[in-house]
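Here is a short briefing on one protein model with a bound ligand. The topics are the ligand site, a sheet and a pocket.

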Amino acid sequence: MKLSIIVTFHKYIQYLEDCFASLVDSELENFETILVLDHVEEETESLIAAYKESLHLKVLRLEGEERGVSAARNAGLSKALGEYIYFLDSDDYVYEDCIQQLIARADETKADAVYGKKRYTWFKRNVYLGVAEDKRRQEDEDEKKTDASYFDGTMAEAETLDVDEHERAIHKLVWSRRGLRNISVLNILIRKSFLDENQIRFDSRFQLYPDMPFVVMLLKYGNAFSYCQEAFYVKRKHNDPITMPALSQLKIPTRMEEQMETFAYCREIAGEEGELRKRLDRKLVNYYSRYFVTKLRRSKKDKWRTTRFELIANLLNGTHPEVLRELTGYKKRVVAAGLAHDGEKALKISNRHLAGKKFKKILKNKNELYKYLYKNKYSKEPIEETWVMFETFFGKNYSDSPKYIYEYLAQHNTKGYKFIWVLNNDTKPPYGATVVRRFSREYAYYLAKSKYFVFNVRQPLWFVKREGQVFLETWHGTPLKKLVFDQDEVTAASPLYKAQFFRQKKEWDYLIAANPFSTETFRRCFKFDNEMLEVGYPRNDLMYHPDREKITLELKKKMGIPLDKKTILYAPTWRDDEFYGAGQYKFTLKLDLMKLKEALSDEYVIILRTHHYIADNLDVTGVEDFAINLSKYDDITEIYLVSDICITDYSSVFFDYANLKRPILFYTYDIEKYRDILRGFYIDINKEVPGPLLYTTEEVVDAIKRIDQISAQYEERYKEFYDRFCSVDDGNASKRAVERVFYPEKTEK
Ligand code: C2G
């Protein structure tokens with residue numbers, strides 16, 4: 001048999017499915033897949049049954065004392081019949097031509113081991129292959145640059161240069177892996193006879209870093225290596241360290257000790273001399289000087305200062321003399337302190353070094369200075385009991401629930417509250433609020449000293465809520481798209497999103513929910529357990545204003561909408577995968593404005609309104625008399641009032657607009673990708689939303705022409721929808737929120 005693939009499984013069955021599917025797509029021949037189970041989840045059996053034949057599955061179950069990755073892989077090895085061995089982790093997957101390429105190369109070169117490239121992702125397979133190609137290419141380019149600087153050649157040369165293959169393998173498999181822990185056996189096709197002749201197996205003393213000694217043995221005993229740069233293995237990082245941590249994300253108290261023990265063993269294998277030994281020692285020096293010494297700031301009795309420092313000092317004393325001789329500057333000084341077992345000195349040197357770095361950062365970047373002042377100066381001053389700070393959509397506009405809460409509070413201010421608005425444009429809010437720009441010095445100042453916060457998005461990551469501060473989070477929509485912990489994949493934002501969110505939501509004392517559905521969803525998807533204010537949406541109060549007609553007329557004049565025309569609003573959301581950079585999303589208009597104009601302009605004008613994340617400007621050239629771009633207009637609630645029909649897609653705008661009981665159309669031209677790949681929805685968009693799904697401009701035109709008929713058709717569904725999502729709103733949501741947070745004596749019995 002040609003090949004044995006050894007897949008070890010511990011947890012998270014949904015990942016294993018992707019892994020297996022990628023093997024099926026590899027179309028391998030003459031192979032077996034050995035699945036070693038260290039834990040059995042209920043669904044494992046059906047998955048095994050589904051893939052038994054196509055993957056030639058052999059299933060082994062670990063029993064008794066021997067557990068963990070080392071034992072599992074050894075068990076797999078003991079049953080393997082293939083000429084080659086390939087380890088694959090159950091949460092990862094391969095490109096469909098990856099393994100075949102490695103085999104072809106191994107056959108051709110007769111190498112002991114052929115290794116490919118690893119790419120990293122936070123995404124499941126269909127998302128990864130479907131949306132992130134640009135980013136992947138960029139990562140490859142970055143890796144080439146690093147390689148090039150190592151081999152001291154050009155980028156092209158680094159890939160093709162006739163370098164010493166053994167040295168290249170040491171570089172790629174040990175040196176270029178970040179830290180000590182990323183050395184791994186994955187994506188290496190290994191000749192089984194080579195493993196057996198040299199008795200290379202995993203050492204079950206090491207549970208957390210079993211790969212390190214195995215790879216060091218490969219490099220020590222192997223003579224022939226080959227690098228196959230087009231064979232891609234996809235390593236899946238876990239984006240949810242809260243509920244689904246990877247082994248490397250678990251907090252294990254003896255992690256550092258085990259890592260050092262593993263390192264000492266690797267050194268033993270590598271021997272006293274040679275490139276491998278020197279590379280390992282350089283890695284130790286880097287680990288110590290970049291990471292370890294920063295831990296010495298802990299208290300005097302802490303183990304980083306006592307036992308652990310001794311451990312690493314002893315290891316440092318075994319460093320190859322040549323590696324010590326190359327050291328200069330900070331590294332040389334801090335290593336010298338380590339060699340002398342002088343922890344106090346090492347700490348001093350590291351503190352000075354870090355302070356210098358921080359200072360340089362502050363000099364270069366004003367934001368760093370303000371953050372520094374926030375932490376070290378303003379947060380040490382007293383909190384001002386009457387100061388209330390408001391922020392909507394990162395200071396982009398004066399709108400949404402914070403606006404309506406503010407106006408109600410300002411009109412009923414019997415406690416002398418003072419108001420601060422975060423605004424990056426020139427809007428002047430009424431009632432004389434102090435206006436500050438986001439991330440300015442004043443922003444840092446008020447963040448530290450205000451008593452109350454009313455925000456509709458998350459607070460900055462560097463904000464640390466002080467004892468006594470009160471945070472009212474309004475959020476910014478009833479969710480249709482899945483959020484945070486309900487999202488399998490975080491296709492937008494930072495992959496650290498879930499972990500960050502978890503920390504930030506703990507700082508929210510109150511969270512507003514517009515309806516019972518939001519209450520239930522937010523509790524779960526944010527893991528929110530403080531006080532939920534199911535008071536309706538303050539931002540919707542205006543739609544229940546007793547003078548609504550009059551206000552609407554005024555607004556139409558202000559927005560320049562012809563009074564003899566009816567108005568269509570088109571308000572789509574953003575797409576997670578189409579962006580220029582953080583918070584800068586692309587949007588291409590898929591409605592043909594010319595066609596709409598031809599068909600509808602006698603009766604209608606259209607308002608275009610993009611989401612605040614969208615950086616692209618919509619082009620209305622040639623249709624200026626028909627299309628009005630209000631993307632920069634502050635408050636969408638005011639736009640709802642002047643609109644007779646609303647077209648959206650997956651934006652939460654329809655939950656709010658439904659308060660007006662006017663017709664809603666859904667222009668969902670990319671629904672499959674959006675729903676099935678990017679986000680996932682909470683409600684069945686085909687059955688539960690109060691209007692039809694449309695896919696082309698023609699269908700949109702047709703629907704508008706038949707709008708009365710559509711309204712009649714959707715009457716029943718609209719009513720159900722309204723009862724479910726809009727029935728708390730009555731124009732008094734702001735009042736209820738303000739009384740609960742700012743005048744609690746009025747609501748407490
Ligand atoms: N919005 C807007 N114009 C748009 C789209 C949205 O002014 N073209 C405003 C609306 O107030 C909307 C809010 O921004 O309710 C949130 O926009 P969504 O499109 O729903 O997207 P997102 O910001 O991802 O928020 O729980 C709600 C979710 O968090 C969605």
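The shell around the ligand divides into nine nonpolar, eight polar and four charged residues. That makes 21 residues surrounding the ligand in this predicted model. Three of the polar contacts come next, followed by the sheet and the second largest pocket.

**Ligand site**
- The closest residues to the ligand are Gly-477, Thr-573, His-611, Ser-651 and Ser-652.
- Ser-651 places a side-chain N or O atom 2.7 Å from an oxygen atom of the ligand.
- His-611 also faces a ligand oxygen, with a polar side-chain atom at 2.8 Å.
- Pro-572 uses its backbone instead: an N or O atom there lies 2.9 Å from a nitrogen atom of the ligand.
- How much of the ligand does the protein bury? Taken alone, the ligand exposes 610 Å², and the protein buries 96% of that.

**Sheet**
- Six strands form an open sheet in the order β20-β19-β16-β21-β22-β23.
- The pairing in this sheet is parallel.
- Why do β20 and β23 each have one side without a neighbour in the sheet? Strands β20 (627–629) and β23 (693–694) stand at the edges, and each has a single partner strand, so one side of each is left free of a neighbour.
- Strand β22 (residues 664–667) runs parallel to β23, and two bridges join them.
- Tyr-667 stands opposite Leu-694 in β23.
- In general, strands of a sheet pair through backbone hydrogen bonds, either parallel or antiparallel.

**Second largest pocket**
- The volume of the second largest pocket is about 560 Å³.
- Its lining has 25 residues; Tyr-404, Glu-407, Gln-411, Leu-542 and His-545 are the closest to the centre.
- Which elements give two or more residues to this lining? They are α18 (400–411), α22 (548–559) and α30 (733–742).
- Helix α18 supplies the largest share, five residues.
- By class, the lining of this pocket has nine nonpolar, seven polar and nine charged residues.

Note on methods. Residues are numbered from 1 along each chain as its sequence is written. This is a predicted model: local features need pLDDT of at least 70, side-chain atom pairs count only at pLDDT 80 or more; totals for chains, interfaces and linings use all residues. Side-chain values use heavy atoms; hydrogens and water are left out. A residue is near a molecule or strand if one of its heavy atoms lies within 4 Å of it. A polar contact is a pair of N or O atoms within 3.5 Å; within protein, one must be able to donate a hydrogen and the other to accept it, and residues adjacent in sequence count only if both atoms are side-chain atoms. Accessible areas come from the Shrake-Rupley method with a 1.4 Å probe; for residues, only the protein chains shown count as cover. Ala, Val, Leu, Ile, Met, Phe, Trp, Tyr, Cys and Pro count as nonpolar, Asp, Glu, Lys and Arg as charged, and the others, Gly among them, as polar. Two strands pair if DSSP finds at least two bridges between them. Helices (H or I, at least four residues) and strands (E, at least two) are DSSP runs, numbered from the N terminus. On a 1 Å grid over the protein atoms alone, a cavity is a set of points where a 1.4 Å probe fits but cannot get out, and a pocket is an open set with protein on both sides within 12 Å along at least five of seven lines; lining residues have an atom within 4 Å of a point. Grid points are joined across faces, edges and corners, and a volume is the space filled by probe spheres set on the points.
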